[in-house]
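Trainee: Please take me through one part of this model closely. I would like to look at its charged side chains and their surroundings.

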Amino acid sequence: MPDKGDFEQFVASRSGVLLRTAYLLCAGDRGAAEDLLQEVLERMYPKWRRINGTPEAYARAALANASANRWRRRARRVTETPLTDLLGPAVSGPENEVINRDEVVRALGALPERMRAVLVLRFYDDLSEADTAAAMGCSVGTVKSQTSRGLARLREVLGEKVGS
């Protein structure tokens, strides 16, 4: 069982990885990702001694849940604005990798929260279907169906950009 002294070490060593996960969950909004991670770490600190299993898995699950909760709260209070209206044109630069990464992050932003969370946990954090299901609090079947639908939607969105 980890003790409170380990919390600072955990934050120092794993916050970069967790921030990248939060960044993808927040559809490429770095400020929102930093806020999301800060919120999760603040909630983890008082519970640190009671966390069962690996703290990183707990943090990933908390990030996915907090991201979905933020989206739900925002959806209730604000009229929905299309993502294309919020985002400016894609950043063009000499590296195709930067452009491709930007397109993938934008395409992830077009997906529903849970679908985005499943894809991020499965393919970015490289979790198994079972670990993703545990982090999301759902069944393995739900992870499989969300993965399948999410990948199909990403292919549609990215295919439209490539074709135009």
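**Charged pairs and their helices**

Mentor: Arginine 43 pairs with glutamate 39 in a salt bridge, with their closest N and O atoms 3.5 Å apart. A salt bridge here is a side-chain nitrogen of Lys or Arg within 4 Å of a carboxyl oxygen of Asp or Glu. This is a predicted model, in which local features need pLDDT of at least 70 and side-chain atom pairs count only at pLDDT 80 or more, while totals for chains, interfaces and linings use all residues. Residues are numbered from 1 along each chain as its sequence is written, and side-chain values use heavy atoms, with hydrogens and water left out.

Back to the pair. Arginine 43 and glutamate 39 are about one helical turn apart, because 4 residues separate them in helix H2. Helices are DSSP runs (H or I, at least four residues), as are strands (E, at least two), numbered from the N terminus. An α-helix has 3.6 residues a turn, so residues three or four places apart point the same way. Both partners are partly exposed: arginine 43 at 37% relative accessibility, glutamate 39 at 22%. The cut-offs are under 20% relative accessible area for buried, over 50% for exposed, and partly exposed in between (1.4 Å probe, protein chains only).

Now the helix that carries them. H2 covers residues 30–44, and its 15 residues should span 21 Å at 1.5 Å a residue. The expected span is 1.5 Å times one less than the number of residues. The end C-alpha atoms are 21 Å apart, in agreement. Ala32, Ala33, Leu36, Leu37, Val40, Leu41 and Met44 are the buried residues of H2. They share one side of the helix, because their arc around the axis is only 165 degrees. That arc is taken from the directions from the helix axis to the C-beta atoms. Aspartate 29 caps the N-terminal end of H2, with a side-chain oxygen 3.2 Å from the backbone nitrogen of glycine 31.

Move on to glutamate 56. Its side chain meets that of arginine 14 in a salt bridge (2.7 Å, N to O). This pair joins distant parts of the chain: glutamate 56 sits in helix H3 (residues 55–77) and arginine 14 in helix H1 (residues 4–25), 42 residues apart. Glutamate 56 is buried, at 15% relative accessible area. Arginine 14 is partly exposed, at 28%.

Glutamate 56 has another partner. It forms a salt bridge with arginine 60, the closest N and O atoms being 2.8 Å apart. These two lie in H3, 4 residues apart, about one turn of the helix. Both are buried. A network of salt bridges links Arg14, Glu56, Arg60 and Asp125. The structure holds 6 salt bridges.

Arginine 122 makes a useful contrast. It sits in helix H6 (residues 113–124). It is buried but has no salt bridge. The nearest side chain of opposite charge is glutamate 129, 4.1 Å away. For charge, Lys and Arg count as positive and Asp and Glu as negative; His and the chain ends are not counted. Beyond neighbours within four places in sequence, arginine 122 is in contact with Leu127, Ser128, Glu129, Thr132, Val143 and Thr147. Contact means heavy atoms within 4.5 Å.

Last, the setting. The protein chain has 8 helices and 0 strands. Of its 164 residues, 37% count as buried. Among contacts with a separation of 6 or more, 63% come from residues 24 or more positions apart.

Conventions:
Polar contact = N/O pair within 3.5 Å; in protein donor to acceptor, adjacent residues only side chain to side chain.
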